[in-house]
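Welcome! Here are some short exercises on reading a protein fold, each with a worked solution. Have a look at the structure, then try each task before you read on.

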Amino acid sequence: MKRLTVTIVTVLAALALVAVPGQAEALTPHRYSAEAFHSTNVHRVAHHERRLKYGPCLKRYANYQARRMARQHRMFHQALRPILRACHLTVVGENVAFGYKNGWRVVNQGWMHSPEHRRNILDKRFGRLAIGAARDSRGVWYVSQVLGRH
């Protein structure tokens, strides 16, 4: 019985480390973006939409926009027509946000509670996704989610 108890405690401790993202390591822009990317696809699958694939061309624009917002300490959209042309897309959309502590929160507590942002996330026309995240000088996160279709 003692061995079983030790095993259960060990397994529970290991699960606690896995279940709390960001506790063991610092939150980086890459990790923030990865959490938001994953959360976006979880919602799409739950709503019977296909998973979005990573869009390398979109990533440049998402990163650029997140850094630009962080530098200016304000949230705003970027022009989408240049992205449409440069990435050879037929449709493009963007969600932006600031102030959310991690990628899970920006999707689940932010965008999915806004009808316009939710519509972008669940839009069946989109097939590609990239997310950029950047912190401003005060430590506030700014995020750009760029979605597109070839």
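## Exercise 1: The cores

In the largest nonpolar core, which has 20 residues, Tyr-32, Val-106, Val-107 and Trp-111 touch the most other members. The model you are looking at is predicted.

**Task.** Find which helices and strands each supply at least two residues of this core, and then list the contacts of Trp-111 that lie beyond its neighbours within four places in sequence.

**Solution.**
- Step 1. At least two core residues come from each of these elements: helix 2, helix 5 (103-110), helix 6 (115-122), strand 2, strand 3 and strand 4.
- Step 2. With neighbours within four places set aside, Trp-111 is in contact with Asn-95, Val-96, Ala-97, Val-106, His-117, Arg-118, Ile-121, Val-143 and Gln-145.
- Step 3. There is also a second, separate core of 10 residues, and Cys-57, Leu-58, Tyr-61 and Ile-83 are among them.
- Step 4. As background, nonpolar side chains tend to be buried together in soluble globular proteins.

## Exercise 2: The sheet

**Task.** Work out the order of the strands in the sheet and say which strands lie at its edges.

**Solution.**
- Step 1. Begin with the chain as a whole: six helices and four strands, arranged along the sequence as α-α-β-α-α-β-α-α-β-β.
- Step 2. The four strands form an open sheet in the order 1-3-4-2, and the pairing is mixed.
- Step 3. Strand 1 and strand 2 each pair on one side only, which makes them the edge strands.
- Step 4. Look at one pair in detail: strand 2 and strand 4 (residues 141-149) are antiparallel and share eight bridges. In strand 4, Tyr-142 is the bridge partner of Phe-98, and Val-146 is the partner of Glu-94.

**Task.** Is strand 2 (residues 91-98) largely enclosed or not?

**Solution.** A residue counts as buried under 20% relative accessible area. Seven of the eight residues of strand 2 are buried, so the rest of the structure largely encloses this strand.

## Exercise 3: Helix 3

**Task.** Compare the length of helix 3 (residues 56-72) with its expected span, then find what its buried residues pack against.

**Solution.**
- Step 1. Helix 3 has 17 residues and reaches 25 Å from first C-alpha to last, close to the expected 24 Å.
- Step 2. Its buried residues include Cys-57, Leu-58, Tyr-61 and Met-69.
- Step 3. The buried residues of helix 3 pack against helix 2 (29-46), strand 1 (53-54), helix 4 (81-86), strand 2, strand 3 (128-135) and strand 4.
- Step 4. Now turn to direction: helix 2 lies across strand 1, strand 3 and strand 4, at about 140 degrees to strand 3. Helix 3 packs on the sheet, and its direction makes about 25 degrees with that of strand 3.

## Exercise 4: Positive phi

**Task.** Where in the chain do His-48 and His-88 lie, and is each one buried or exposed?

**Solution.**
- Step 1. Recall that most residues other than glycine have a negative phi.
- Step 2. His-48 has a positive phi near 60 degrees and lies in the loop between helix 2 and strand 1.
- Step 3. His-88 has a positive phi of about 55 degrees and lies in the loop between helix 4 and strand 2.
- Step 4. The cut-off for exposed is over 50%. His-48 has 73% relative accessibility, so it counts as exposed. His-88 has 64%, so it also counts as exposed.
- Step 5. For one more example, look just after helix 3: His-73 follows it, with a positive phi near 55 degrees.

Technical notes:
Residues numbered from 1 in each chain as written. Predicted model: local features only at pLDDT ≥ 70, side-chain atom pairs only at ≥ 80, totals over all residues. Heavy atoms only, no water. Buried < 20%, exposed > 50% of the residue type's maximum accessible area, 1.4 Å probe, protein only. Pairing = 2+ DSSP bridges. Expected span 1.5 Å × (residues − 1). Contact = heavy atoms within 4.5 Å. Core = buried A, V, L, I, M, F, W, Y, C linked by side-chain atoms within 4.5 Å. Axes fitted to C-alpha atoms, helices over the stretch in contact; angles between N-to-C directions.
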